[in-house]
Each structure stands twice: as structure tokens, then as C-alpha cells.
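This report walks through one protein chain. Keep the sequence and the model in view while reading.

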Amino acid sequence: MEDRPDPLYASPTYLLFETGRLVRRTSARMSPEQPRLPYLLVLSCVARHGPLSQRQVAGRLRMDAGDLVGIVDALERAGHVVRRRDPEDRRRYALDATEDGRLFLGACQNDRARLDDALFEALSPDETHLFKDLLLRILAHHDERFLDTPGPQHRREEPDRQDEAGQRTGAGIASRSAASS
């Protein structure tokens, strides 16, 4: 049998899948007491935009409403969110972050920054920034929630210039969304 490179290594989808697994393993090792990312996403959404109904949270996060119930229950038990009757529609509950939830979220964000540093230590700061910009461009192409994020998708393409040797140099990279607008 020949020793050929694994064809999966050429697949960005596979590499993203493995990167996600790496993130979960490293996060569990570095911060075993911290809840998994879906819990933090829900808490962050409610802290930033609340009070919101569970349906609104599920819509904002593109999350299954059934999965959200267990997460909200756990966040409520931990004292990080409260459910109150929605004053505009008494049949619904509105979720809001508690002060303890906001403080907890801040501490978790510090842990996430340390996780980012550990995961991306193999890249230079410029490479990390480029990687993030490329991910945002992909996400914005498929999900309008990411259209308003700062990054290359909002940068207008600058005309090519010539260097001293008369060679053309691209001054900026524009995404399809910027190029088509």
C-alpha cells in the first residue's frame, strides 16, 4: 500500500471540523469549570439584547428552540438569567441576564481570550487577524448576522498600484459581497 497524503487534509471543511474538536478539547482542559460555548452564546445574547423571548434568542442564534430550553433552564438554575412574564405578551416569558450572569460572562470572556491565545499561538498576530477575517467573510456570505462585523467584507477594493519596479500590487482584498455591491 502506498503512503499517500490523506485526501481529507485537502478539505477545508474537514480541517474546520478538526479545529472545532481541538477547541472543545483545549477548552475543557484549560477551563473545566466553564460551561460549553452554547451556554455562553445564549447568556451573551440575552445580556446584549435582552429581555428577549426564548423564540427570539433561538432565532438570533440559529439554534433549535428545543435545545435552547435545557440551556436556559441551566442558566436560570445557576442564577445567570431570569425568566419573567413578557409585559407585551403575558403568554410569553422574557429572558434577561442577571448581574451575576453579566459578571460570570465577563470572567468567561477572559478565559476565552486565554483559549484564543493558546489555540492561535502558532500564528503571528497578522495571520490570526487574517484567519479571523477570512472566517468572517465566509460566514457573512452565508449568514446575514455576520454582515455587520468589521472586516474585509466592508472594505472597498482599492485599485492596484505599481511598486518601484513597475510591478502591480493589490492594495486590498475585497470579498464577493463588497465587489458585488
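Start at the N-terminal end. Leu 8 is found in the segment before α1, which covers 12-30. With a relative accessible area of 41%, Leu 8 is partly exposed. Together with Tyr 9 and Leu 15, Leu 8 makes a nonpolar surface patch of about 310 Å².

The model is a predicted one. How far can each part be trusted? The mean pLDDT of the chain is 82. A score of at least 70 is reached by 81% of the residues. Confidence peaks in helix α6, residues 125-142, at a mean of 94. The lowest mean, 38, falls in helix α7, residues 176-180. Two stretches deserve caution. Over residues 153-163 the pLDDT stays under 50, and the model has 29 contacts for them beyond four places in sequence. Residues 166-181 also have a pLDDT below 50, with 27 contacts in the model beyond near neighbours in sequence.

**Overall layout**

Seven helices and five strands make up the secondary structure of the chain. Along the sequence they follow the pattern α-α-β-α-α-β-β-α-α-β-β-α. Of the 181 residues in the chain, 25% are buried. The accessible surface comes to about 13200 Å². Carbon and sulfur atoms account for 52% of that surface. Now take the contacts between residues at least 6 apart in sequence: 44% of them join residues at least 24 apart.

**Strand pairing**

Strand β3, residues 89-97, pairs with β1 and with β2, and both pairings are antiparallel. The table sets out the two pairings.

| Pair | Sense | Bridges | Residues opposite each other |
|---|---|---|---|
| β1 (residues 52-53) and β3 | antiparallel | two | Ser 53 and Ala 94 |
| β2 (residues 81-86) and β3 | antiparallel | six | Arg 83 and Leu 95 |

A hairpin through two residues joins β2 to β3.

**Asp 96 and its surroundings**

Asp 96 is in strand β3. Is Asp 96 buried or exposed? Its relative accessibility is 17%, so Asp 96 counts as buried, the cut-off being under 20%. Which residues is Asp 96 in contact with, leaving aside neighbours within four places in sequence? They are Val 46, Gly 50, Pro 51, His 80, Val 81, Val 82, Arg 84 and Arg 102.

Two of these contacts, Gly 50 and Pro 51, share a backbone feature. The peptide bond that joins Gly 50 and Pro 51 is cis, with omega about 0°. Pro 51 sits in the loop between α2, which covers 37-49, and β1.

**A second backbone feature**

Arg 62 has a phi near 55°. That is a positive value in a residue other than glycine. Where is Arg 62 found? Its place is the loop between α3 (54-61) and α4 (65-77). Arg 62 has a relative accessible area of 43%, so the residue counts as partly exposed.

**In brief**

Strand β3 pairs with β1 over two bridges and with β2 over six. Asp 96, in β3, is buried and in contact with both residues of the cis Gly 50 and Pro 51 bond. Treat residues 153-163 with care, as their pLDDT stays under 50. The stretch 166-181 calls for the same care, with a pLDDT below 50.

Terms used: Residues are numbered from 1 along each chain as its sequence is written. This is a predicted model: local features need pLDDT of at least 70, side-chain atom pairs count only at pLDDT 80 or more; totals for chains, interfaces and linings use all residues. Side-chain values use heavy atoms; hydrogens and water are left out. Two strands pair if DSSP finds at least two bridges between them. Helices (H or I, at least four residues) and strands (E, at least two) are DSSP runs, numbered from the N terminus. pLDDT is the predictor's confidence in each residue, from 0 to 100. Contact means heavy atoms within 4.5 Å. Patches are made of residues with over 30% relative accessible area and no salt bridge: like charges are joined within 9 Å, nonpolar side chains (Val, Leu, Ile, Met, Phe, Trp, Tyr) within 5 Å. Accessible areas come from the Shrake-Rupley method with a 1.4 Å probe; for residues, only the protein chains shown count as cover. A salt bridge is a side-chain nitrogen of Lys or Arg within 4 Å of a carboxyl oxygen of Asp or Glu. Buried means under 20% relative accessible area, exposed over 50%, partly exposed in between (1.4 Å probe, protein chains only).
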